Amino acid sequence: MARPYEELYELCDCLRSVSVGLDTYEPESQHSPIIDSSGEEMSEVKTQTREVLPGLRFLREEVKRDLQVLQKFLDDSESTSLPPLSTNAPYLVAVWQELLQARGAVAIYRTFHITTHPQASRKPQNGSAKGHGVKVDVVADSGRRWIRVNTIKNSRILMEFREMDSYLTSSDEDDGDGRSSRKKQNQEFDNSVLRMGRELLEAARANPPHGSDEIPSVTMRLTRLNPSLSDTNYETCDPRIAYTIDLLQRMGIDVQLGERQGIIKEMDNTSASAQPIVFEPTTHINLDLSALIALISDTTHSHLPRDPDDANTRFIPPQQYVEWKKQRVQMLSDSPDATGTWKDSGIHSRVLADQAQQEMKKGLLQDMHDRLRSISPTLQNIQFWTTQEARRRCLQIVYKIAGTKERQRAEALFSCSTCFQTTTIPTHNQFWVHSRYPSNFIPLMPIKLFPSSEPDATSLESFQLNPLSPFMTSLASTCRNILSQEDISRLRESQSPPGHSAAPYLINDEGDIPPAAVTLANPKLTVHTVQSMLWGAALGWTTLTTNRSSVKVLLKEVKRSTGGGALTYESPRDETARASKAAIWIVKPRSLAEGSRSDCYSE
């Protein structure tokens, strides 16, 4: 004998499975396209699932609430004498099914506003709304696809049809021409499903993904609307149901009928079958200032310490340096702006020793070599680029604090004989003369320079541009927004024009390196760092950096400007592709260390 309300028992089982699935759900969107060779956790990249996917918590709460109400009803012995319980379970199950199948989901239950004035303030004035809100159940494909579930039944839409018929009949009582009446009916044909479709399309046109002009596609999942189902009187089905679906499709909406089958039972294996996400660098690598310093560093090239004790001993300051440092600190102690102390010298030595030990685990150049060989076995397609400002500041730093071998590498890296007023033109092999690696271990030279401080239509003409991923698009847009707030005249004062690049060793009158200009939008970001990131993002290239803190800050800026939707992993369009291209590649820092070595001080 069948149980009363068998359908409710089945819904209860489904909701229970959905609740379990939501507690363990891990969206692919929590992974940003970043290679992290430093071995540290990026909290802004690998956040908890509940924070990564906006709306997930609300769906989880709704499912638990409906499950409790449904379970209480079914456990009540008197429920058999009560009317069937009205539940939102079919809708919640359908949303969960769409989320499971969505590619690159970035939000659930997101409301988009339709505004006739794009420049209207986000904050309502005088209590007025900023625009009509349109709900999207699942925002997928990194914001480029909207999915809306509608659980309307045939019986409900037939009621709308009858109401419309009565309205048309009363308004056409004086019309004796049936053809005129039918024509008017076609012109005024409307229902709640069509209105939902029009609102979704209007909202999509008003809300393109961040940094893009692309209009999101709209999918409507009609779980319980069946155009071939007869009514309760077993008469022919109403053709207006099929006509409604046809009109939606003519609008450009992807209409999906019925519930997805088999997903609830299979979801327990979802996490087990998920493939690990792999990112690889592009063949063209964009180097920021910190990466240039790391490539020149003595720590990167010198022979490895025998053990941790040897690494610490390598950077114990000699007595001559100790006396000089004490006098230097004493001289600066009277200055109100002085921030350095004698302890800073010991901290610096420990940092250099830690970097040497990190190099013992896996060298920077070895890591680069291995990853680049995986995408280009002969390394012939690999190119390295940097900005003019990164090059200028790198040479300033090298001129100020680098050792002899590090200066030689800098000259060879940039192929400049005038960098430090030398008389001979450096060769590429000079970069590897004092390195433990063989010549041309990585094809670094010559590093190419971007033609301008920021990419624009003119400077991009010389590059072969490919379609950018949503993450790259959002990163580039965020960088442009940050730089757009800068005072151009202030930047010109802090950055040498291209004509002066032949003498980058020139520093200020006090012999100090001018401080890098910080951005007005966020003082934790320097202008040259944002410019470097912008060039990489605009070209779709991987940016190599050791500046983890700036990456974290910049990701926060991207997340804030996009509502979290841009920090997403986009799987390859080509299903046979091995991996996705990384936007950023983070490695451990390598400081200029030659001048701080106890065994090289005499040089």
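The following paragraphs describe a helix, a set of paired strands and a helix crossing in a predicted model. Local features require pLDDT of at least 70, side-chain atom pairs count only at pLDDT 80 or more, and totals for chains, interfaces and linings use all residues. Residues are numbered from 1 along each chain as its sequence is written, and side-chain values use heavy atoms, with hydrogens and water left out.

Helix H1 covers residues 6-24; helices are DSSP runs (H or I) of at least four residues, strands are runs (E) of at least two, and both are numbered from the N terminus. From first to last C-alpha, the 19 residues of H1 reach 28 Å, close to the expected 27 Å, the expected span being 1.5 Å times one less than the number of residues. Its buried residues (under 20% relative accessible area with a 1.4 Å probe, protein chains only) include Leu8, Leu11 and Leu15.

Strand S5, residues 217-222, has 5 of its 6 residues buried. Strands pair if DSSP finds at least two bridges between them. S5 pairs in the parallel sense with S4 (residues 145-150) over 6 bridges, and Ser217 of S5 stands opposite Arg145. S5 also runs parallel to S6 (residues 254-257), joined by 4 bridges; here Leu222 has Leu257 as its bridge partner.

Further along the chain, the axes of H19 (residues 470-484) and H21 (residues 527-539) come within 8 Å and cross at roughly 145°. Axes are lines fitted to C-alpha atoms, for helices over the stretch in contact, and angles run from 0 to 180 degrees between N-to-C directions. Among the residues in contact (heavy atoms within 4.5 Å) are Met472 and Leu475 of H19 and Val527 and Val530 of H21.

Technical notes:
Buried means under 20% relative accessible area, exposed over 50%, partly exposed in between (1.4 Å probe, protein chains only).
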